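Biologist: I am new to this structure. Could you walk me through its pockets and its sheet?

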Amino acid sequence: MCVPAFADERGVTLFEEKFHGTLTAGWLWVREEPAAWRIDEPGLVLVVQPGYLHAESNNAKNILLREIPSVHDATVVAEVDVESAPQIQYEHAGLVWYVDDDNYIALFVESMGGKAKLQMVVEKAGKGQFAVATGDTKAVRLRFEIAGDEITGQVRETADAEWRVVGKMKLPSTEKARIGIMSGGAPKNGERTVRFSGFRIFRLEK
């Protein structure tokens, strides 16, 4: 992976998942397909499944979530390294802040118009808004900064690169949310995979 995890961050780690051996306790699967994921050190490999959260689809599989630690009056950050090569329209993988299938925010590497791009999506009560950015997407570090009622989605391609903002969006719900990773949009039996590594949640100290 081209982006060493956490090398330059100032923060207090609240949770870290290295994907070694077994998953740490506390993860929750949504529509788990057990045969379509494995820990292949270093990282979690998902076989990208058909399905989406978009609009009325709500059939994305192997969404992996955990609770967001409660931190009073501070910015909470979630980051993960993603290696993927989406090939068909709307095939995607990345971070997700999730209340339910109709209320979530996602930051994806996604195939759009024949090219892999970065897309941030917010869906509130099933209605979506989008922000799109371009860049080298083969191996990136994706990041959510959660402050108050907003999430900022960011990306960087190398350890010494500046974080680039993909989008900033209001939280779609005040209900308790979880945060994690997901993929989707592949053809049935497409046999494509995405690798996640270096997942971390921390309290940002600026």
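Modeller: Let's begin with the largest pocket: its lining has 10 nonpolar, four polar and three charged residues. Here Ala, Val, Leu, Ile, Met, Phe, Trp, Tyr, Cys and Pro count as nonpolar, Asp, Glu, Lys and Arg as charged, and the others, Gly among them, as polar. This is a predicted model, where local features need pLDDT of at least 70, side-chain atom pairs need 80 or more, and totals for linings, chains and interfaces use all residues. Residues are numbered from 1 along each chain as its sequence is written, and side-chain values use heavy atoms, without hydrogens or water.

Biologist: Which residues are the closest to the centre of the largest pocket?

Modeller: In general, rolling a probe the size of a water molecule over the atoms shows where empty space is left. A pocket is an open set of points on a 1 Å grid over the protein atoms alone, where a 1.4 Å probe fits, with protein on both sides within 12 Å along at least five of seven lines; lining residues have an atom within 4 Å of a point. The largest one has a volume of about 370 Å³ (the space filled by probe spheres set on the points, which are joined across faces, edges and corners). Of its 17 lining residues, Ile68, Trp97, Ile146, Gly148 and Leu171 are the closest to the centre.

Biologist: How are the strands of the open sheet ordered?

Modeller: Strands of a sheet pair through backbone hydrogen bonds, either parallel or antiparallel. Seven strands run in the order β2-β5-β14-β7-β8-β9-β10, with antiparallel pairing. Strands are DSSP runs (E, at least two residues), numbered from the N terminus, and two pair if DSSP finds at least two bridges between them. β2 (28–30) and β10 (127–133) stand at the edges with a single partner strand each, so one side of each has no neighbour in the sheet.

Terms used. Helix = DSSP H or I, 4+ residues; strand = E, 2+ residues; numbered from the N terminus.
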